[in-house]
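Here is a note for a colleague who is opening this structure for the first time. Please keep the sequence and the model side by side while reading.

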Amino acid sequence: MYSRLSTSLVAELIGTFALIFIGAGSVALSAPLVGVAFAHGFVVLGFAYAYGHISGTHINPAVTLGVWAAGKIDAVRALAYMAVQLAGGILGALALRWVLGGTATGLGATRLAQHLDLHGTSLTVTPAVGLFVEAVLTFFLVNAVMNAGISGKATIPGGLAIGLTLTFCILMGGPLTGAGLNPARTLGPAVATANFDDLWVYVAGPALGALAAGILYKGVFAEE
């Protein structure tokens, strides 16, 4: 299913770099929400077809965690994937900082909403609510990865299903939490801007959602 580890790690590094450089970049450049959602979704779609046969195109430590929980990747490979994904996220954000000339834009950092205007009602997302939103949306994403990609039942449209799942998750969750769904997506801009506010939300939430999706797949959806 996977190529040799060194080749897979290069694919994961490049893919995660691209996701942060393009995805977070679209936020930093103040693209509309639909544009931000499709920027992330299209990166996943493109790299799913480019590198899916090499590394599985996880490009997200939460996805790798979910795949490990489902028993579809060994622990050593999973830890190596996570390490290069986090490195790719940081490198992508540093490259974005160099291109945009500093940290004034926030570099597309994920933030919990403060005083979000909902038809005249102000909403502030608490860490507990943010944790729940990140967990639920990451569950949807990893569920798509497991059933449309890893299962092998939808190899051709699998990348499209996963990319569109990320897109609709960002359309809903973007205004609330920034829809990180990916510790590398949050860590990269956090390191580049030296702002680690609520970082734990964007690590714990995706981890919980990914584990739930992986365990559900292994226990219910996986075929013997």
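The points below take up one helix and two residues from other helices.

1. This is a predicted model, in which local features need pLDDT of at least 70 and side-chain atom pairs count only at pLDDT 80 or more, while totals for chains, interfaces and linings use all residues. Residues are numbered from 1 along each chain as its sequence is written, and side-chain values use heavy atoms, with hydrogens and water left out.

2. Helix H7 spans residues 183-193, and 10 of its 11 residues are buried (helices are DSSP runs of H or I, at least four residues, numbered from the N terminus; buried means under 20% relative accessible area with a 1.4 Å probe, protein chains only). Among the buried residues are Ala 184 and Arg 185, and the cover includes helices H1 (5-28), H2, H3 (61-69), H4 (75-100) and H8 (199-221).

3. At the start of H7, a side-chain oxygen of Asn 182 comes to within 2.9 Å of the backbone nitrogen of Ala 184, whereas the helix is followed by Ala 194, which has a positive phi near 55°.

4. Thr 16, in helix H1, is buried at 0% relative accessibility. Neighbours within four places in sequence aside, Thr 16 is in contact (heavy atoms within 4.5 Å) with Ile 59, Gln 85, Gly 88, Gly 89 and Ala 184. A polar atom of the Thr 16 side chain also lies 2.7 Å from the backbone oxygen of Glu 12.

5. His 40, in helix H2 (residues 33-55), is buried with a relative accessible area of 5%. Its contacts beyond four places in sequence include Leu 19, Gly 23, Leu 166 and, from H7, Arg 185.

Technical notes: Helix = DSSP H or I, 4+ residues; strand = E, 2+ residues; numbered from the N terminus. Buried < 20%, exposed > 50% of the residue type's maximum accessible area, 1.4 Å probe, protein only. Polar contact = N/O pair within 3.5 Å; in protein donor to acceptor, adjacent residues only side chain to side chain.
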